[in-house]
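Q: I'm just getting started with reading structures, and I'd love a close look at one part of this one. Could you walk me through it slowly?

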Amino acid sequence: MSVEYLVLLLGNYHYILLASVLALGVTVLLSKETKRGKSGIPGSLGIPFLGETLSFLSANNSNKGCYEFVRLRRSWYGKWFKTRIFGKIHVYVPSVDGAKTIFANDFALFNKGYVKSMADAVGKNSLLCVPHESHRRIRRLLSEPFSMNSLSKFVQKIDCMLSKRLEKLERDGQSFVVLDFNMKARRRLMETFKGMIACRRTGSRHPEDFLQSMLQRDQYPDNEKLSDEEIMDNLLTLIIAGQTTTAAAMTWSVKFLDEHQGVQDRLREEQLSILRNKPNGALLTLEDLNNMSYASKVVKETLRMSNILLWFPRVALDNCTIEGFEIKKGWHVNVDATCIHQDPEIYKDPMLFNPSRFDEMQKPYSYIPFGSGPRTCLGINMAKLTMLVFLHRLTTGYMWTVDDLDPHLEGKAHIPRLRSGCPITLTALKNEHN
């Protein structure tokens with residue numbers, strides 16, 4: 001979605017509003033005839049081009065979040081429905097079988113379907129935006145730094161950083177907003193990255209991190225290294241797609257644990273057991289994280305309940321059929337992870353925070369917070385690792401109180417985030433390791 005397009009919408013808002021009112025009357029009169037089109041998928045495409053864009057924007061700006069737009073239409077039409085947003089026809093795919101069809105045929109029948117504003121934000125060389133052949137090469141080169149073995153060396157760095165920050169916040173005695181992240185403008189970040197790359201290439205000392213792992217390939221053949229532009233665009237992708245989503249997930253975990261004291265107590269018991277088996281002051285290791293069985297289920301349940309990525313957008317590359325529904329070439333098909341994660345036929349009492357539900361193996365494609373298939377989120381291991389370290393240090397070192405219980409969502413956010421940011425005040429626990 002371009003800036004010029006938004007300006008066009010805003011500049012002609014009154015005309016659009018009038019047209020929408022007139023179209024609404026026509027839609028009501030013809031609803032019986034237009035509810036189900038030739039594709040067999042119910043829904044309304046609204047007026048030509050504009051469709052239901054205004055309703056979508058209204059939901060996105062509200063304190064209920066943009067998924068309210070989906071939830072409302074699903075109550076009208078059923079699980080499957082189609083709509084038109086920003087001139088494009090969208091079909092929301094609500095089932096495990098539908099998710100399997102789409103994820104298993106990425107690149108063959110479907111491609112990523114992010115709006116243009118996302119591509120503008122992360123850059124044309126981002127893993128989110130590049131074509132198939134470039135995607136395979138970039139993903140292959142990025143996969144090693146994000147493997148669990150490579151990330152193991154960062155466990156103690158993350159642990160040390162989080163421990164010091166939590167200790168300072170507790171000493172200060174001030175309320176701390178868990179969701180504490182500011183996104184800078186892309187151009188400013190790009191200049192910062194350029195400076196970092198130049199400094200790394202001329203300096204004799206450097207930290208071991210993602211950027212350094214890429215620069216160490218400078219002397220490799222072209223197909224075995226990333227260009228500076230590819231490095232910078234994918235660094236930015238890691239910030240947007242990684243840090244913001246993980247920060248939001250950590251926020252939701254604090255909220256859910258605060259609301260479910262029994263879960264919090266059981267998690268703390270497991271984490272204290274791990275802590276007692278370590279020397280006083282010792283940092284966490286990958287082996288420790290592998291022993292966090294219940295904490296891993298808390299992370300999974302947090303991601304299932306919070307649905308940081310509401311749906312996964314794809315575009316049909318050709319005419320096809322999904323579960324008997326006809327999909328036309330060029331239509332956007334959105335794998336509705338939220339609907340799947342909240343389906344009572346898949347998860348008993350889906351709105352209840354219950355990590356123990358993951359004692360049982362889940363049906364394939366029924367748990368998809370990171371997507372699936374060849375485009376599975378590259379940061380899956382980093383996100384899990386960060387959340388486990390955070391939950392360990394939080395529950396073994398502190399009790400906390402949530403200072404603002406406002407359940408409403410932040411308006412105009414690209415992911416579901418609490419409007420309050422979930423501010424908490426920490427109180428140190430008294431144990432032999434403090």
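How close do the axes of helix α14 and helix α18 come, and at what angle do they cross?

A: Sure! Keep in mind that this is a predicted model. Start by finding your two helices: α14 covers residues 261–276, and α18 covers residues 380–397. Their axes come within 9 Å and cross at roughly 95°. Angles from 65 to 115 degrees count as roughly perpendicular, so α14 is roughly perpendicular to α18. Why bother with both values? Two packed helices are described by the angle between their axes and the distance between the axes.

Now zoom in on the side where they touch. From α14, the contact uses L267, R268, Q271, L272, I274 and L275. From α18, the partners are L391, H392, R393, T395 and T396. Sorted by class, the contact of α14 with α18 has 5 nonpolar, 4 polar and 2 charged residues.

While you have the model open, try the sheet as well. It's an open one with 5 strands, in the order β1-β2-β8-β5-β3, and the pairing is mixed. At the edges sit β1 (81–85) and β3 (110–112), each pairing on one side only. From one strand to the next, the twist averages 35°.

Pick out β2 (residues 88–93) next: 4 bridges join it to β8 (residues 332–335), and these two strands run parallel. For a spot to click on, take V91, whose bridge partner in β8 is V333. Finally, look for helix α5 (residues 67–77), which lies across β1 and β2 and runs at about 135° to β1.

Notes: Residues numbered from 1 in each chain as written. Predicted model: local features only at pLDDT ≥ 70, side-chain atom pairs only at ≥ 80, totals over all residues. Heavy atoms only, no water. Pairing = 2+ DSSP bridges. Axes fitted to C-alpha atoms, helices over the stretch in contact; angles between N-to-C directions. Contact = heavy atoms within 4.5 Å. Parallel < 35°, antiparallel > 145°, perpendicular 65-115°, else oblique. Nonpolar A, V, L, I, M, F, W, Y, C, P; charged D, E, K, R; others polar.
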